[in-house]
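Me: I've got a structure here and would like to go through it with you. Shall we take it in questions and answers?

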Amino acid sequence: MRVFFYCRVAHDGGFSLEAQGAELRRYAERAGYTIVGAADENGSGLTLDRPALQKVTQAVLAGEVDVVLVHSLTRIGREWGMTQSYIDQLTRRKVKLLCIKERCLFSEKGVTRF
């Protein structure tokens, strides 16, 4: 499975970009995933129009990704409707979203808890 990491912080003092990236890398390596990319940024989760998230989206649209890996679902967005629309965009392309903190996998088949 080809995995692309996405990390985001809104402000300093939270779970740092470095800590998120290290956690995602460990998870991917233990799972035997092939890491094809990573993107991180400081920014609000109130919009999907963020440069690093666009980098993830471009890789998905190019067919280079099987799984987008995030620390938490809130890294994608803070508003559920917007976040759900991004998940739908991924799953329409058969790309899964794996959220470590919530222990859930979003796919075209729905949500799986692990």
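Reply: Sure. One term up front: contact, or touching, means heavy atoms within 4.5 Å. This is a predicted model, where local features need pLDDT of at least 70, side-chain atom pairs count only at pLDDT 80 or more, and totals for chains, interfaces and linings use all residues. Residues are numbered from 1 along each chain as its sequence is written, and side-chain values use heavy atoms, with hydrogens and water left out.

Me: Which residues does Thr83 touch, leaving out those up to four places away in sequence?

Reply: Thr83 sits in helix 3; helices (H or I, at least four residues) and strands (E, at least two) are DSSP runs, numbered from the N terminus. With residues up to four places away not counted, Thr83 touches Leu73, Ile76, Gly77 and Arg78.

Me: Is Thr83 buried or exposed?

Reply: Buried means under 20% relative accessible area, exposed over 50%, partly exposed in between (1.4 Å probe, protein chains only). Thr83 has 1% relative accessibility, so it counts as buried.

Me: What is the strand order in the open sheet of six strands?

Reply: Two strands pair if DSSP finds at least two bridges between them. The edge strands, each pairing on one side only, are strand 2 (34-42) and strand 6 (110-113). Pairing in this open sheet is mixed, and the order is 2-1-3-4-5-6.

Me: Which residue is the bridge partner of Ser107 in strand 6?

Reply: Strand 5 (residues 104-107) pairs with strand 6 in the antiparallel sense, over four bridges. Ser107's partner in strand 6 is Gly110.
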